[in-house]
Amino acid sequence: MRLALFDLDHTLIPFDSGMAWLRFLADRERTTPEVVARYLDVCLRYVRSEADVRTVQRALLAPMAEIARADLRAWTAEFAATVPASLEPSARALVKRHLDAGDRCVLVTATTRFIAEVYAQAFGIGETLASEALADSHGQLTGELAGPPCAGAQKLAKLQSWLQLEGLALASFERSFFYSDSAGDLPLLEAVSEPVAVRPEPRLRQVAAERGWAIV
């Protein structure tokens with residue numbers, strides 16, 4: 001039994017999934033260019049270490065509080081129809097190799113679940129561990145996160161909790177893979193038997209080279 005874990009943004013896809021979602025909405029006049037610009041500004045601040053993952057997710061989720069639950073569901077389905085065309089053949093082939101080998105495949109991402117699951121479905125990945133959006137008693141998104149974002153050490157903690165519910169642990173698997181572009185994912189990269197740096201940012205590239213990890 002083998003486990004294959006995949007980060008999403010800049011790993012399986014060469015772009016930010018939250019930005020793809022907001023641009024989809026803006027192109028259809030369902031949100032404003034100002035919302036997209038604010039999100040981009042927060043993302044750039046994050047790259048400069050001036051904002052954390054929670055701040056990025058709040059910038060994405062805040063406009064969702066203004067969208068009716070039924071509209072969000074319908075627009076997410078429309079968005080899902082556009083996603084397959086944006087996937088790289090090499091990324092599709094990577095996931096398919098693991099699926100064809102019978103590996104348990106899981107998307108593990110800081111992206112909010114309602115967006116992450118769209119990409120998981122497009123890749124044929126059956127399990128998603130992601131950041132959770134807070135909803136009120138009627139299912140309407142509030143614009144906040146429910147709990148900590150699925151990032152950094154929280155990715156490992158979330159995976160361990162999920163495996164425990166399945167009666168498993170990382171040690172249950174003969175081999176475990178994790179594909180990521182970010183040094184922020186080092187806690188999970190260090191926990192698997194076969195870490196893989198994908199399009200790695202400079203710090204992760206250095207760590208991967210020093211430790212003899214695969215780089216693709």
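1. Let me start with the β-α-β unit made by β7, helix α9 (residues 202-211) and β8, which is right-handed in this predicted model. The two strands of the unit, β7 and β8 (residues 214-215), are paired in the parallel sense, with two bridges between them. If you want a residue to anchor your view, take V196: its bridge partner in β8 is A214.

2. Now step back to β6, and you will find another crossover to look at. Strand β6 (residues 175-180) runs parallel to strand β7 (residues 194-197), and four bridges join them. To get from β6 to β7 the chain passes through helix α8 (residues 186-191), and this β-α-β crossover is right-handed. V196 is a handy landmark here as well, since Y179 stands opposite V196 of β7, while A214 is the partner of V196 in β8.

3. My next stop would be D103, in the loop between α5 (89-100) and β2 (104-112). Is D103 buried or exposed? Its relative accessible area is 7%, below the 20% cut-off, so D103 counts as buried.

4. Which residues does D103 touch, once those up to four places away in sequence are set aside? They are R2, A4, H98 and F177. Two of these contacts deserve a close look at the side chains. D103 and R2 are joined by a polar contact of 2.9 Å between their side chains, and the side chains of D103 and H98 are joined by a polar contact of 2.7 Å. F177, another residue touched by D103, falls within the 175-180 range of β6, which takes you back to the strand in point 2.

5. The surroundings of D103 also bring distant parts of the chain together. D103 and L3 are 100 residues apart in sequence, yet their C-alpha atoms are 5.5 Å apart in space. On either side of L3 in the numbering, R2 and A4 are both among the residues that D103 touches.

6. Finally, do have a look at the largest pocket, which has a volume of about 760 Å³. Its lining comprises 30 residues, and those nearest the centre are H10, D16, Y46, D181 and S182. Which element gives the most to this lining? It is α2, with six residues. At least two lining residues come from each of α1 (17-27), α2 (33-47), α3 (53-61) and β2. Y46, one of the residues nearest the centre, belongs to the 33-47 stretch of α2.

Conventions
Residues numbered from 1 in each chain as written. Predicted model: local features only at pLDDT ≥ 70, side-chain atom pairs only at ≥ 80, totals over all residues. Heavy atoms only, no water. Pairing = 2+ DSSP bridges. Right-handed = clockwise from strand over helix to strand, strands pointing away. Buried < 20%, exposed > 50% of the residue type's maximum accessible area, 1.4 Å probe, protein only. Contact = heavy atoms within 4.5 Å. Polar contact = N/O pair within 3.5 Å; in protein donor to acceptor, adjacent residues only side chain to side chain. 1 Å grid on protein atoms, 1.4 Å probe; cavity = no way out; pocket = protein on both sides within 12 Å on 5 of 7 lines; lining within 4 Å. Points joined across faces, edges and corners; volume = space filled by probe spheres on them.
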